[in-house]
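Visitor: Please take me through one part of this model slowly, with the cut-offs spelled out. I would like to look at a helix and the packing around it.

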Amino acid sequence: MATPSISHFKGMDHPLLLILVKITIFSLMLAIGSNLSFEKMLSFWRKPALVFRALLAVIVLVPLVVIFLLKLFKLPSEVMIGLALLAASPGAPLSTKRTQRAGGSLSYAASLQLTLAILAVFVTPLTLAIFAALFESISQKVAILEVARQVMMVQILPVSLGLLIQKFAPTFAEKIAQPLTFIANGVFSILVILACILGLPLFSRVWQLPLVAIAIMVIASLGIGHVLGRLDDDMRSILAIFCIARNFGLALFIAILNHIQQQVIPTLVAYVILGAFVGVPYSIWNKRRLAGLSREINSL
């Protein structure tokens, strides 16, 4: 049987896909802004050592791992671009829930997620610009300035709106926060499922060496967060999850803007699948570890 070609999946070019991605990111960012007060985020920012380690791990070391992998392995250009987009897209929308399952602190995780959402307007274009300067195949495919403008529209605008609602209408924010989060997470789940349906027939394109590179990225990202969070058990699991959980929606959005979604969706899907295979067992192990530590402390 012939391997499916990218041209067979014209659904990836449908304008409704871009609209769905925009709605997804906008609703997720609005939910994040509405759920956390600016005062709590300021409390997180008043711990510079904590913030520094978190940002170093998520937005510096993980992209450096990807740069190393792209230099080390001779990967297809579509895989290189997909990994670069993931490296430049920190702060996955469901990271807070995932860290809770790993036994992490909700307040710290939410503050970090909101911080990454705000910084994305600077971090994402800058990271992509570095990749573009280092790899010609990426520079030919990604328009950096357009990425910066669009990220501002779908990330900063809704987050700022959510924070303003939280600040000036806290009662209203409290009423809408939970249903808004439920709707946003539901739309995001639909987006991921749709991307998997479109991308899985092309999954064979990332077998062998590309799959090895993706697996190394996943494991190394988890390890970076776990090691840098070693001074705080809560932070250890949270940072590990935030390093491994890249923003799939934002990466797909950038791909659509640059008309390369057909090429990179298989890589994005492969990362999501491998990330789940590694991240879920880690979360279960860490939660049990924290429970064991708690029992030991209580028994003293």
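Guide: Happy to; here is a walk along one helix and into the core beside it.

The model is predicted, so local features need pLDDT of at least 70 and side-chain atom pairs count only at pLDDT 80 or more, while totals for chains, interfaces and linings use all residues. Residues are numbered from 1 along each chain as its sequence is written, and side-chain values use heavy atoms, with hydrogens and water left out.

Our helix is α10, residues 209–228; helices here are DSSP runs of H or I, at least four residues, numbered from the N terminus. The expected span is 1.5 Å times one less than the number of residues, so the 20 residues of α10 should cover 28 Å, and its end C-alpha atoms are indeed 28 Å apart.

Among the buried residues of α10 are Leu211, Ile214, Met217, Val218 and Leu222, where buried means under 20% relative accessible area with a 1.4 Å probe, protein chains only. Two of these, Ile214 and Met217, are touched by Leu83. Contact means heavy atoms within 4.5 Å. Leu83 also touches Val66, Leu70, Leu75 and Thr267, leaving aside residues up to four places away in sequence.

Leu83 matters to the wider picture too: with Leu70, Tyr108 and Phe131, it touches the most other members of the largest nonpolar core, which has 99 residues. Helix α3 (residues 48–72) gives the most to this core, with 13 residues. Such a core is a set of buried Ala, Val, Leu, Ile, Met, Phe, Trp, Tyr and Cys residues joined through side-chain atoms within 4.5 Å.

For a companion to α10, look at helix α12 (residues 248–257), where 10 of 10 residues are buried. After α12 comes His259, with a positive phi near 60 degrees.

Key
Helices (H or I, at least four residues) and strands (E, at least two) are DSSP runs, numbered from the N terminus. Buried means under 20% relative accessible area, exposed over 50%, partly exposed in between (1.4 Å probe, protein chains only).
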